[in-house]
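Work through the exercises below with the coordinates open. Each task is followed by a stepwise solution.

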Amino acid sequence: MRRLPLFRPVSTGLSLLAVLLAFGAAPATAQMQPPQDTTQVTFDEAVRTALDQNTNIKRAQAQARQSNVQVRSEWMDFAPDLNLSSSVDRSVGRGFSEVVGGITRQTQDEFRLNGRSSITLFNGFENISSLRGAREQAGADQTNLKRTRREVVFDVMDQFISLVESREIVRVRREQVAAQRQRLRQIEQFVEAGSRPESDLFTAEADLADAEQQLLQGKREREVTQTRLIQTLQLNPREAYDFRVPDLEGATLDSSRQELPALIDEAFQKRLDLRVAEAERRAAEQGVRSARSAYYPTLSLSGSYGTDWSSQGLRNVSDESFGNQLDVNRGGGVSLEISIPIFDRLQRSNQVEQAQVQAQDAEYALQDQRQEIALQVRQSYLDYRNAVQQLEAANKRLRAAERARTAAQERYELGSADIVELQNAIRDYVDAASQQVRARYELFFQQKRIDYNVGRLSPSAPLLGAPAEP
């Protein structure tokens, strides 16, 4: 298995190339002490912060908690209910008293206490189907939470890679500004000695100004990348941060990746969003069974027990005290009820049809998800192969541009080349160096995109390629 190094040295002894090719070297901020009020954030700390504070994860957590509550609610449908009721009444004038059992003609007070419990014995398996559907949905939401965590970690990794790339570009352009200043001083000496026309000096000054402008543009791109990272981590925008990039020295990439069909099959086994779609489809199928339960009869068992008291007392009872009345009036009963649906204005049929439509939509969503996953893996696989070729081409171009720049510099110093030729050689070299940096980081990113799209990316070690969470 051939391993492709992230950087392939093309020459030695050149400070600019050393900067360009040192993929794992410490960033510029490692050589410059940040201000004391600057908060340093490592990659691992950024991942932990994103997992703790990202709002997408919080929403997924809330949805998972809500699903768990629904599961508990469906479980409670199997348990009996229990109600305790009490009332105090005062009636004035002629009226019928349930407690006395006759007509009263004066003001009386009554007190009632009653307890009632009921349980559903059979409802067409609706409670079973609803519980299974709730559990499937809860499992889907838990899996979606894991998927969201991976998405957030992938975004953090992507932005850290972009930050490393932007810092490398800044370092390249900073080296170029230093080289242009050195060249300007050299041309000034040539002009003073009369070996070069004064127009060469103006051209060199314009080149230096252009290099400084490119450096400012690179710094802006670096700040934009850091701002995106601050947004992803939900950090305080008012504070200053020094993001410590991970040490990738010696990192290599496998250029002999698996074949595309094997990658797609692996993605079908590991992708969490596919598991979510499958669980949601199963939940929708349980919804159809739950809706069909309305065609079955319902059988329930209920019981009640209570007592009461009246200020009019009880007939044929000598002891009319409060406690004796409550004791004498005690009573209850048990009832078994069956309800057979006959005609409900087609409500059951409509509910079943709606549930079937939802189940069919869930099946379509599952098919779309499988197709989308296969296309994502295919695209990332092709992008990776293209990135390998782009890096090889960038390395060749950089070596050629370096030789051309060196030759143009020598000819210019000997007087056999003008400033325009040297200027074009230098610009081509700087562009080749920048493109080589971008090609290296693009290759590294495409490698990680394959891991992400296949389902290998682990939130605990995304840059190290550790196995993904189950």
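**Exercise 1.** Is Tyr-412 buried or exposed?

Solution. The model is predicted. Step 1: take the relative accessible area of Tyr-412, which is 1%. Step 2: apply the cut-off, since buried means under 20%. Tyr-412 is therefore buried.

Step 3: look for its ring partner. Phe-190 and Tyr-412 form a tilted aromatic pair, 6.3 Å centre to centre, with 55 degrees between the planes. Step 4: place both residues. Phe-190 is in helix α5 and Tyr-412 in helix α10 (residues 347–414), 222 residues apart.

Step 5: check the face of the ring. Arg-196 lies over the face of Tyr-412, at 4.0 Å from the ring centre.

**Exercise 2.** Classify the pair formed by the rings of Phe-154 and Phe-445.

Solution. Step 1: count the candidates. The whole structure holds twelve aromatic pairs. Step 2: read the geometry of this one. The ring centres of Phe-154 and Phe-445 are 5.8 Å apart and the planes stand at 35 degrees. Step 3: compare with the limits. Planes under 30 degrees apart count as stacked and over 60 as edge-to-face, with the rest tilted. The pair of Phe-154 and Phe-445 is therefore tilted.

Step 4: locate the partners. Phe-154 belongs to helix α5 (residues 126–193) and Phe-445 to helix α11 (residues 419–454), with their positions 291 residues apart. Step 5: assign burial. Phe-154 has 5% relative accessibility, so it counts as buried. Phe-445, at 10%, is buried too.

**Exercise 3.** Which residues make up an aromatic cluster, and which ring has the charged end of Arg-370 over it?

Solution. Step 1: Phe-43, Phe-160, Tyr-241 and Phe-243 form one aromatic cluster. Step 2: the charged end of Arg-370 sits over the ring of Phe-268, 4.1 Å from its centre.

**Exercise 4.** Trace the salt bridges that join helix α5 to helix α8.

Solution. Step 1: get the total. The count comes to 23 salt bridges.

Step 2: take Glu-136 and Arg-282. Their side chains meet in a salt bridge at 3.0 Å, N to O. Glu-136 lies in helix α5 and Arg-282 in helix α8 (residues 272–292), so this pair ties together parts 146 residues apart in sequence. Glu-136 is partly exposed at 25% relative accessible area. Arg-282 is partly exposed as well, at 32%.

Step 3: take Arg-147 and Asp-273. Their closest N and O atoms are 3.5 Å apart, in a salt bridge. Arg-147 is in helix α5 and Asp-273 in helix α8, so parts 126 residues apart in sequence are tied together. Arg-147 is buried at 8% relative accessibility. Asp-273 is buried at 13%.

Step 4: extend the second bridge. Arg-147, Glu-151, Arg-271 and Asp-273 are linked in a network of salt bridges.

**Exercise 5.** Which residues form a nonpolar surface patch with Trp-75?

Solution. Step 1: list the members. Trp-75, Met-76, Phe-78, Phe-125 and Ile-128 form the patch, with about 500 Å² of accessible area together. Step 2: place Trp-75. Trp-75 lies in helix α4 (residues 55–76). Step 3: test Trp-75 against the patch rule, which asks for over 30% relative accessible area. Trp-75 has 44% and counts as partly exposed.

Step 4: follow Phe-78 to a neighbour. Asn-127 touches Asp-77 and Phe-78, leaving aside residues up to four places away in sequence. Asn-127 is found in helix α5. At 9% relative accessibility, Asn-127 counts as buried.

Key:
Residues numbered from 1 in each chain as written. Predicted model: local features only at pLDDT ≥ 70, side-chain atom pairs only at ≥ 80, totals over all residues. Heavy atoms only, no water. Patch = residues over 30% accessible without salt bridge, like charges linked within 9 Å, V, L, I, M, F, W, Y side chains within 5 Å. Areas by Shrake-Rupley, 256 points an atom, 1.4 Å probe, with all protein chains shown as cover. Salt bridge = Lys/Arg side-chain N within 4 Å of Asp/Glu carboxyl O. Helix = DSSP H or I, 4+ residues; strand = E, 2+ residues; numbered from the N terminus. Buried < 20%, exposed > 50% of the residue type's maximum accessible area, 1.4 Å probe, protein only. Phe/Tyr/Trp six-rings, centres within 6.5 Å; stacked < 30°, edge-to-face > 60°. Lys NZ or Arg CZ within 6 Å of the ring centre and 35° of its normal. Contact = heavy atoms within 4.5 Å.
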